[in-house]
Amino acid sequence: MNPLIFGVWDGRFYDNRSTFSPVAPDDLPLEQFSQFNPGNPIMTFVCDRGFLVMDRRANLAFSLWRYYQRAVRETCGKCTPCRVGVLVIAEALEKAVKGHASEVDWDYVKSVATQMKETSLCGIGQTTPVALLGALEFCPEELLQAQAVAENVYDYYTVMSAPCVEACPAHVDVPRYIDYIKAGEPEMSSAVLLRHYPLVGSCGRVCVRYCEKACRRQYLDSPVDIKNLKRYAADATGPMENLFHQARRETNPMSPKVAVIGAGPAGINCAYHLLLQGYKVDIFEANRHAGGMAQVGIPQYRLPKGLLESETDVIEELGGRYFYHQRLGYDFSIADLFKRGYNAIFLGVGCSKGMYLGLDNEDTSLTGYFNGIDFLQKVERAVTGNKPFKLTGDVVVVGGGNVAMDCARSAARLTDGKVHVVYRRTEEGMPADHEEVVAAKEEGIVFHFLSVQKEILSEDGKVTGLKIAKMREEKVPGSKRGKLIEIEGTDTVLPCTNLIAAIGQRLDQEVLCDDDGIMFDKRGNISVSEALATTRPGVFAGGDAATGPTTLIDGLAQGQIAAQSINEYLTRGSVGFVARRRMGELIKKGDLMKEKDPRIDLCKAPRHKLSTLSAQDRKGNFEEVDLPMTENEAIEEANRCMRCYRIYGVVTQLPIPGNVTHIQNQAV
């Protein structure tokens, strides 16, 4: 069914007001735009691609007015076309909405909008005129003859976003925190990031750069170094807990209590957001410190542990409590926590069990044979706990992800031999960050691509080598990954005294029992809804435990979602609708950030090349490899950001749950 009445999309007019053969944009899944929240029809949708009218009763002038009200609030004011233009247009649309469209000089409005689109310096001024200009060109009567409409007759919701914002799992307002760096205010930049999570400096070091993959600057030269600008902001600000000395509230004795199990990124961020909302939060952690796999699984040369510890201390600054050496399923159960008076529980237990290669007749007790997780934990204890751990001879690491790179680069700092990495696909197919692979090669690590492990060789209970064979990859139509076929007669042996299987990790299901009422999905993870609710009321789960091994930023994002859901559960008794999540879904499913012509008419400016320790200086130590940007370098890199903001707005027939103010003032 085509619900489109009329609209302008990508410069084309679609008019179904008097036709039996309705037309619509071919690449737009209009069924997604029929309702915003369940049972609440979308009347109009407005964005940088144009507008869609889905209800004959809709008032287009009203929709554009609400859209431009957001533009007025968001214009930075640095360029005249946008600063003045949004005010002129908003005032004209308001007159139309109040029944005075005949008093508006629409030719002047059109000229202002055109000048905005063609001469503004950033995305707000360049893109917000698109829908208005489309209406004035193809259906001007909808504005010139607009009828008066009561201001609160419909509900509406607007979001300001950008390609980098939508690519970030936490929807961090990237252009805004970069703006503060441009202005020489790193503390304000950190404040923008602290709206999403407290691990600002940690994320600035190990984030996997989803945002940079979406950065439009790549169509001109290369993406903005968003990750390292985040690190700069955190380093220039200093310890994050210092910003929270005045933030602790007097907790209401009647406030609900929440138990967070697992002090990894997901658990920390869930607790953080709940504490900011006034809840009493206790975190139960199996290890001796907070941080989860970020603490024990990411080596010191990438993420200094002192930094991570200072950022997890924010929880106590806000009034939360840690209980260490407390393991779910051994020291307490889900039922125990509810009996102690906790009103809700978040499971952020992670995937703590490393996986071995799973070869025939494999002996996992061989001396020198490790899984990746156990190996990295030994490294962490050696670096931060003064527990000696040295390797002798050559090391072979099997795997192609970031854990494999962490194992290989750590082993290179611990052994007197060579380190080899065996990966079954090509270098281009490796899931590890490209920068990690480059750094590993700089450190002398040898890669064996299109190679598969076949047999572990041993003698007297010790690893002596790994038999591998070469592979070839055949293309599969319609698939990004080819089919791997072993090449007969290519068996070779890599002699080694240490073998590390870095091929994955999984949830320890033994921490939960049948009485807990928590179900698992087919992949062995905790089964959760979109709102991260488990099959037991009042229990939520996120991070690795719910998705399988994931990244730090994904875990942080899930912690924030869980906190929102727990708040809804404790205040309303159920997990309801989140408008920002729904708008993100529309943007993603409609592929609304896609550009037909991504050419950018600006002068090229090369990306800053980050300084690093030389390969020689990295040997035998775990000092941080990437060196920080200077203030001038950070400002210069920040100035490469083009502020590619877009505004998205819906008008709905019925009220939107939780949409008290009707206008969202952030990109989150």
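What volume does the largest cavity have? In this predicted model, the answer is about 130 Å³. A simple idea helps in following the search: rolling a probe the size of a water molecule over the atoms shows where empty space is left. Counted this way, the model holds four cavities of 30 Å³ or more, and the two described here are the largest and the second largest.

The lining of the largest cavity is made up of 16 residues. Those closest to the centre of this cavity are C164, C215, R216, C641 and C644. Two elements, α7 (163-167) and α8 (174-182), each give two or more residues to the lining. Of these, α8 provides the largest share, with three residues. As for chemical character, 13 of the lining residues are nonpolar and three are charged, while no polar residue takes part.

The second largest cavity comes next, with about 70 Å³ of space. Its walls can be traced along the chain, starting with C168, P169, V172, V174 and Y177, continuing through C207, Y210, C211, I226 and K230, and ending with I553. Here the elements that contribute two or more residues are α8, α11 (210-214) and α12 (226-237). Helix α8 is thus a handy landmark for the reader, since this element appears in the lining of the largest cavity and in that of the second largest. The lining of the second largest cavity divides into ten nonpolar residues and one charged residue, again with no polar ones.

Technical notes: Residues are numbered from 1 along each chain as its sequence is written. This is a predicted model: local features need pLDDT of at least 70, side-chain atom pairs count only at pLDDT 80 or more; totals for chains, interfaces and linings use all residues. Side-chain values use heavy atoms; hydrogens and water are left out. On a 1 Å grid over the protein atoms alone, a cavity is a set of points where a 1.4 Å probe fits but cannot get out, and a pocket is an open set with protein on both sides within 12 Å along at least five of seven lines; lining residues have an atom within 4 Å of a point. Grid points are joined across faces, edges and corners, and a volume is the space filled by probe spheres set on the points. Helices (H or I, at least four residues) and strands (E, at least two) are DSSP runs, numbered from the N terminus. Ala, Val, Leu, Ile, Met, Phe, Trp, Tyr, Cys and Pro count as nonpolar, Asp, Glu, Lys and Arg as charged, and the others, Gly among them, as polar.
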